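Please consider the following model before reading the exchange below. The discussion concerns its helices, its core and its backbone.

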Amino acid sequence: MGCCSGRCTLAFICGMQLVSVLERQVIDFLGYQWAPILTNFLHIIVVILGLFGTIQFRPRYVTGYAAWLVVWMTWNVFIICFYLEVGDLSRDSDLVLTFNLSMHRSWWMENGPGCRVTPITPPPSWAPEDHRYISISGCLVDFQFIEVAHSSLQILLALLGFIYACYVVKLISEEEDSFDFIGGFDSYGYQGPQKTSHLQLQPMYMSK
């Protein structure tokens with residue numbers, strides 16, 4: 001019963017992770033954030049494998065899923081530090097998230113709640129010809145805090161997934177040990193002595 005409830009909870013957490021990371025993947029695609037796109041893709045694959053291992057009683061898959069969650073949490077901590085500009089990090093850097101392939105920023109910068117985008121014409125002389133120059137105002141929540149909220153949600157789900165993954169691996173291992181013990185007992189168990197017949201047939205003489 002405990003294994004069933006633990007597996008069901010872990011499967012639910014995996015489902016929540018898939019839904020949330022797919023939403024994040026779409027947002028990152030719209031913002032041309034290539035580093036998060038690749039990391040999200042790896043996360044989707046590992047979560048699917050973890051879900052498969054949870055359903056099919058494959059502890060190795062669940063263990064690999066738990067190990068990846070440590071990397072995933074570390075990545076999201078870095079994203080939070082990046083957008084909050086902790087230390088020498090700067091969210092205006094093109095190299096970190098876009099591999100210096102574009103000048104795009106987070107999709108939420110222009111599409112956050114209440115944001116109004118106003119094109120500025122003529123653009124300044126230093127602006128690239130294939131890029132538009134805009135002014136953003138009226139945002140109810142700054143885009144960096146939305147990104148921090150997304151990463152915080154991923155860390156929370158990953159932490160829950162890690163805890164339940166360890167719990168499920170422990171329960172599956174205990175069940176496998178229990179089955180091995182029962183199987184061994186049946187194979188080499190005690191067999192009682194078999195009854196053998198020692199009766200001897202004697203001739204019978206009937207008197208007339």
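A student and a tutor now discuss this structure in turn.

Student: On what basis are local features accepted, and how are residues numbered?

Tutor: This is a predicted model, in which local features need pLDDT of at least 70 and side-chain atom pairs count only at pLDDT 80 or more, while totals for chains, interfaces and linings use all residues. Side-chain values use heavy atoms, without hydrogens and water, and residues are numbered from 1 along each chain as its sequence is written.

Student: Where does UniProt place the feature "transmembrane region"?

Tutor: UniProt positions follow the numbering used here, with shortened feature names, and annotations may be inferred rather than shown by experiment. The unreviewed entry gives the feature at residues 34-53, 65-86 and 153-172.

Student: How far apart are the end C-alpha atoms of residues 34-53?

Tutor: Helices are DSSP runs (H or I, at least four residues), as are strands (E, at least two), numbered from the N terminus. Residues 34-53 are 100% helix and 0% strand, and their end C-alpha atoms are separated by 29 Å.

Student: Is H2 roughly parallel or antiparallel to H3?

Tutor: The axes of H2 (residues 34-55) and H3 (residues 59-83) come within 8 Å and cross at roughly 155 degrees. Axes are lines fitted to C-alpha atoms, for helices over the stretch in contact, and angles run from 0 to 180 degrees between N-to-C directions. Angles under 35 degrees count as roughly parallel, over 145 as roughly antiparallel, 65 to 115 as roughly perpendicular and the rest as oblique. H2 is therefore, relative to H3, roughly antiparallel.

Student: Which element gives the most residues to the largest nonpolar core?

Tutor: A nonpolar core is a set of buried Ala, Val, Leu, Ile, Met, Phe, Trp, Tyr and Cys residues joined through side-chain atoms within 4.5 Å. The largest has 32 residues, and those with the most contacts inside it include Trp-72 and Trp-75. Two or more residues come from each of H1, H2, H3 and H6 (143-187). With 12 residues, the leading contributor to this core is H3.

Student: Is Cys-8 buried, partly exposed or exposed?

Tutor: Cys-8 belongs to helix H1 (residues 2-30). Buried means under 20% relative accessible area, exposed over 50%, and partly exposed in between (1.4 Å probe, protein chains only). Because its relative accessibility is 47%, Cys-8 is partly exposed.

Student: What is the phi of Glu-85?

Tutor: Most residues other than glycine have a negative phi. Glu-85 lies in the loop between H3 and H4 (95-98). Although not a glycine, Glu-85 has a positive phi of about 55 degrees.
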